[in-house]
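Colleague: I should like to learn how to read charged side chains in a structural model. Could you guide me through some cases?

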Amino acid sequence: MRNVRLIVLAILIALTACDQTVVAPEDDEDRLRATPIHMSKDPVELEFWSYYGGWEPIIEAFQIKHPNVTVHVKTFSNDAYVNAYQQAMADGKTPDVMIADSEHFGQFSAITGLENLLDYGAGQYEDDFSESLWNSNLSFDRSSLIGLPSGSSPMVTYYRADILEEHGFPSDPDELGLYMENPENWLRIARALKESNSYLALWPMDVIQLFDSTQPMFVDNMEFGRNTDATRKAIELAKTVYNEGLISSSDIWTQFGSQAIKKGKVAMLYMGTWGANQIELWAPETAGLWRQTRLPFNLYGWVNSSSFMMPSSATNKRWAYTFIEYCVTEWSMKAINSNSVPSYYPARGQAERLTRKNDFFGGQNLYALNEILAKRMMETVPTPIDVPAKAIWSKVINQGIERERNADAIIKEAEKEIRGTLGKEINILKAYLAEQKKKEVALR
């Protein structure tokens, strides 16, 4: 069996190899976009792989619309799906459609084996997505669209309104959001709540991640993207939180952590729009006590998105694209019982969604706020090495805070370790981009 790592770094083998994706001849591409696609009505079976469940309503609706099509779903755990997808691509035994989280999307952006969805007509929807989200779904060399996003989540603040009220702080979402723009006010809340064994942060890294949600790990040509004033500000705040003991040190994904949430030890959480349902699962007895607002420090961060991809070895490519298109566009117009914000612009602004209230959150309209925040956030472009780079970043920052190093020293050390550990991959990716630019120039 081939080593899946060879896929991730296929460019190690040949930087000047053939293009990553199969591109239709120009005249065929024009024809595909200019004429309607007449799909076969013969029985079709599609295989769809996902890293999460709950697809039954979508698949049922799609199959009602296309009764000759049967969609089979295979679900993998979040920590196993990337390897499973890559191994299938290496073996040429893939499903027709796969969906990936933005956290891991970069691991597919510089490898062979994914179709350019522009060849199937996806380009007609470009103006229906934010420019940043669309760009985040391009291949690493920006030459093809390998993903079509079905959703994109802003990072939001969930908080215990009752606890803030008890300590004399604003509990109204708008008032609290404005109050927390000033870091000193946020620290003022944290210090007051600590006296009652209640906290605004779980770990120092919570503060760092708020700022990280607004900026990429790497920028143009694989240059380090975290040596910024925003990062310096984040580190100094995180150091204060750590030094003053303003953290609960709770792992909310454990039984101990969920108990901390139930007991009010955790007064504030920073998660994606999915966090509302998760908190209700963790602590149903706290119904009516929670509210949601924007992030502190006047930040508008992005958590994640999910994107459909079509392997080049898919058996039923036309139907696979039809399924992807349906999920991203038509279904998103129907899925109204959710806090998540559709990535597809025409699906936003629906009155039923905008007026729906959440009883667990005291009758607050969460979706309306989520749409507002989604307009303010900016998605970042992933790279093939973001996952290991982020692991190094977190480790170095935590060590630096514990050792009381200043922000500049921590950032310098993080960049040094990232370049030292991943330098070979960074240089390969830079060379790959340079080679692709040469090809573009030669074709002009």
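Colleague: Is E330 buried, partly exposed or exposed, and what is its relative accessibility?

Modeller: This is a predicted model. In it, E330 has 28% relative accessibility, so E330 counts as partly exposed, because that class lies between under 20% for buried and over 50% for exposed. K334, with a relative accessible area of 43%, is partly exposed as well.

Colleague: With which residue does the side chain of E330 meet in a salt bridge?

Modeller: Side chains of opposite charge can pair when their charged atoms come close. Here, E330 meets K334 at 3.9 Å, N to O. Both residues lie in helix 14 (residues 317-334), four residues apart, which is about one turn of the helix.

Colleague: Which parts does the pair of K390 and E103 tie together?

Modeller: The side chains of K390 and E103 form a salt bridge of 3.4 Å, N to O. K390 belongs to helix 17 and E103 to helix 5 (residues 102-105), so this pair ties together parts that are 287 residues apart in sequence.

Colleague: How far from D101 is the nearest side chain of opposite charge?

Modeller: That side chain is K390, 8.1 Å away; D101 is buried and has no salt bridge. The side chain of D101 does make a polar contact with the side chain of Y51, at 3.2 Å. D101 itself is part of strand 3 (residues 97-101).

Colleague: How many salt bridges does the structure hold?

Modeller: There are 15 salt bridges in the structure. One of them joins R419 to E415, with the closest N and O atoms 3.2 Å apart. These two residues lie four apart in helix 18. Through shared partners, salt bridges join E223, E415, R419 and K430 into one network.

Definitions and conventions:
Residues numbered from 1 in each chain as written. Predicted model: local features only at pLDDT ≥ 70, side-chain atom pairs only at ≥ 80, totals over all residues. Heavy atoms only, no water. Buried < 20%, exposed > 50% of the residue type's maximum accessible area, 1.4 Å probe, protein only. Lys, Arg positive; Asp, Glu negative; His and termini not counted. Salt bridge = Lys/Arg side-chain N within 4 Å of Asp/Glu carboxyl O. Polar contact = N/O pair within 3.5 Å; in protein donor to acceptor, adjacent residues only side chain to side chain.
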